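Trainee: Hey, have you got a minute? I'd like to go through this protein with you.

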Amino acid sequence: MFRYLTAGESHGPQLTAIIEGIPSGLKLSESDINADLLRRQGGYGRGGRMKIETDRASIRSGVRWGETLGSPITLVVENSDWINWEQRMSVSPEHRDDSIRVTRARPGHADLPGAMKYAHNDVRNILERSSARETAVRVAVGAVAKAYLARFGIAVVGCVVELGGVKAERPELSVKALQDAIASSPVYTYDAKAELEMVDAIDRAKAAGDTLGGVVEVRVTGAPVGLGSHVQWDRRLDARLAAAVMSIQAFKGVEIGAGFETARLPGSLVHDEIYFDEQRMSRGEKTGFYRNTNRAGGLEGGITNGEEIVVYGAMKPIPTLYTPLKSVDILTKEPFEATVERSDCCAVPAASVVAEAVVAVEIVNAFMEKFGGDSVAETARNYSSYIEYLREF
Ligand SMILES: Cc1cc2nc3c(=O)[nH]c(=O)nc-3n(C[C@H](O)[C@H](O)[C@H](O)COP(=O)(O)O)c2cc1C
Ligand SMILES: C=C(O[C@@H]1CC(C(=O)O)=C[C@@H](OP(=O)(O)O)[C@H]1O)C(=O)O
């Protein structure tokens with residue numbers, strides 16, 4: 001089983017993740033991880049914090065001489081901003097200063113329910129952990145998952161398909177050309193026309209002191225038939241993917257394939273008809289079975305069906321607004337209109353990198369469940385014997 005936990009406050013010294021379940025013998029470098037951290041920090045619409053941080057992951061356990069050992073991997077991403085917060089975030093009671101308490105709860109953030117639940121009269125004790133700063137180390141975990149999947153020819157790519165109501169059209173391009181378009185886009189989308197409108201929407205929202213949400217897409221190519229299972233609710237891969245994407249801060253909806261649209265169409269326009277062509281295997285495909293459409297998004301019965309896995313996530317607008325919303329001070333119970341020092345205006349592009357990471361983790365989890373193995377070589381043996389079997393089916 002592949003699993004991980006994260007720890008760390010937004011303005012504390014560091015974020016930490018411990019990963020368990022990556023077999024031994026996987027080549028892994030900090031630079032593989034840092035490339036994804038750089039993408040997560042970018043994207044048009046982010047605020048002042050990203051000018052302070054230059055995220056870098058350091059591997060503190062589980063890797064020796066460039067290869068995983070099979071033992072837990074510890075990843076650390078330091079917060080550069082910590083030096084500005086050392087006393088305010090100190091672990092020592094000597095630095096306690098109640099005059100700097102945050103008592104103004106922001107609508108849409110975890111501030112009020114968190115303070116009530118954990119019995120805090122300082123909202124900072126909640127926002128430090130509810131902050132999406134945590135996604136930096138989740139992206140680092142995702143990069144490890146992607147390195148593992150790449151070893152088995154599986155790629156995971158996230159991008160933005162809608163932002164502030166502007167929808168992208170998918171052009172008829174090769175996967176490589178799509179990836180290049182996403183990589184060079186300030187809003188991580190593949191539609192150059194929509195990109196201009198998205199950038200403009202962010203500029204207008206920013207000028208109005210408002211914030212924007214959007215929709216991200218994650219595609220997984222190269223996954224074999226048979227990941228996940230129909231036999232138990234918590235083994236259905238579609239359910240696990242939905243939970244993973246929904247766990248990202250500010251995500252409020254998930255679709256697999258045609259998603260909500262399937263509820264509006266008759267079955268004849270929804271289900272992907274099944275064909276067989278033996279010749280496909282001589283062209284390197286894992287099976288002769290195929291579909292001409294992929295409205296199922298690569299999953300039937302919670303099991304991968306060999307088509308591309310397609311997942312969408314809807315992100316709401318950022319809750320901290322420069323044009324403040326009405327709220328109430330948690331101590332005085334007086335109404336106030338919040339003042340904001342800094343915040344992102346739109347983080348949908350960054351969130352597409354986070355979505356890619358959490359999807360990669362779930363695919364690794366299902367892959368390990370199916371193929372097991374304590375070394376990558378052992379997993380590879382199990383995997384190739386399954387592929388051989390599939391060709392015979
Ligand atoms: C990459 C990313 C960046 C974010 N940046 C901010 C921000 O600058 N200000 C803010 O108020 N919320 C930001 N959020 C959203 C909040 O973290 C989120 O709304 C909050 O934790 C409450 O959780 P919920 O929206 O899932 O209910 C960001 C989310 C993501 C994914
Ligand atoms: C730090 C990150 O995102 C932060 C997420 C966030 C929030 O409330 O979720 C609030 C902002 O932080 P701050 O309050 O320090 O300005 C964002 O910058 C990051 O993505 O690395």
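Mentor: Sure, let's start with the whole fold, then take a sheet and the two ligands; keep in mind that this is a predicted model.

Trainee: Okay, how many helices and strands are there in the protein?

Mentor: The protein has 11 helices and 17 strands. Its radius of gyration is 22 Å and the globule rule gives 21 Å for 393 residues, so the protein is as compact as a globular protein of that length.

Trainee: And what does the C-alpha trace span along its principal axes?

Mentor: About 70 × 50 × 40 Å. As for burial, 39% of the 393 residues count as buried.

Trainee: What about contacts between residues at least 6 apart in sequence?

Mentor: Of those, 70% join residues that are at least 24 apart.

Trainee: Now the sheet. What's the strand order in the open sheet of 4 strands?

Mentor: The order is 1-2-6-3, and the pairing is antiparallel. Strand 1 (3-7) and strand 3 (57-61) are the edge strands, each pairing on one side only. From one strand to the next, the twist averages 20°.

Trainee: What holds strands together in a sheet, generally?

Mentor: Strands pair through backbone hydrogen bonds, and they can do so parallel or antiparallel.

Trainee: So over how many bridges do strand 2 and strand 6 pair?

Mentor: Strand 2 (residues 14-20) and strand 6 (residues 73-78) pair over 6 bridges. To pick one spot, Leu-15 has Val-77 in strand 6 as its bridge partner.

Trainee: Which strands does helix 1 touch?

Mentor: Helix 1 (residues 30-41) packs on the sheet and touches strand 3 and strand 6. The direction of helix 1 makes about 140° with that of strand 3. Then there's helix 5 (residues 135-151), which lies across strand 1, strand 2, strand 3 and strand 6, at about 30° to strand 2.

Trainee: Switching to the ligands: how many residues surround ligand 1, and which are the closest?

Mentor: There are 20 residues around ligand 1, the closest being Ala-132, Gln-249, Thr-320, Asp-344 and Ala-347. Helix 10 (residues 348-371) gives the most to that shell, with 3 residues.

Trainee: How do the residues of that shell around ligand 1 divide?

Mentor: Into 10 nonpolar, 9 polar and 1 charged.

Trainee: And ligand 2, which residues come nearest there?

Mentor: Ligand 2 has 13 residues around it, and Arg-49, Ser-131, Ala-132, Arg-133 and Arg-342 come nearest. The shell around ligand 2 divides into 2 nonpolar, 6 polar and 5 charged residues.

Definitions and conventions:
Residues are numbered from 1 along each chain as its sequence is written. Chains are lettered from A and ligands numbered from 1 in the order in which they are written. This is a predicted model: local features need pLDDT of at least 70, side-chain atom pairs count only at pLDDT 80 or more; totals for chains, interfaces and linings use all residues. A residue is near a molecule or strand if its C-beta atom, placed from the backbone, lies within 6 Å of it. Helices (H or I, at least four residues) and strands (E, at least two) are DSSP runs, numbered from the N terminus. Ala, Val, Leu, Ile, Met, Phe, Trp, Tyr, Cys and Pro count as nonpolar, Asp, Glu, Lys and Arg as charged, and the others, Gly among them, as polar. Two strands pair if DSSP finds at least two bridges between them. Axes are lines fitted to C-alpha atoms, for helices over the stretch in contact, and angles run from 0 to 180 degrees between N-to-C directions. Two residues are in contact if their C-beta atoms, placed from the backbone, lie within 7 Å. The radius of gyration is taken over C-alpha atoms; the globule rule is 2.2 Å times the number of residues to the power 0.38. A residue is buried if 20 or more other C-beta atoms lie within 10 Å of its own, exposed if 12 or fewer, and partly exposed in between; C-beta atoms are placed from the backbone.
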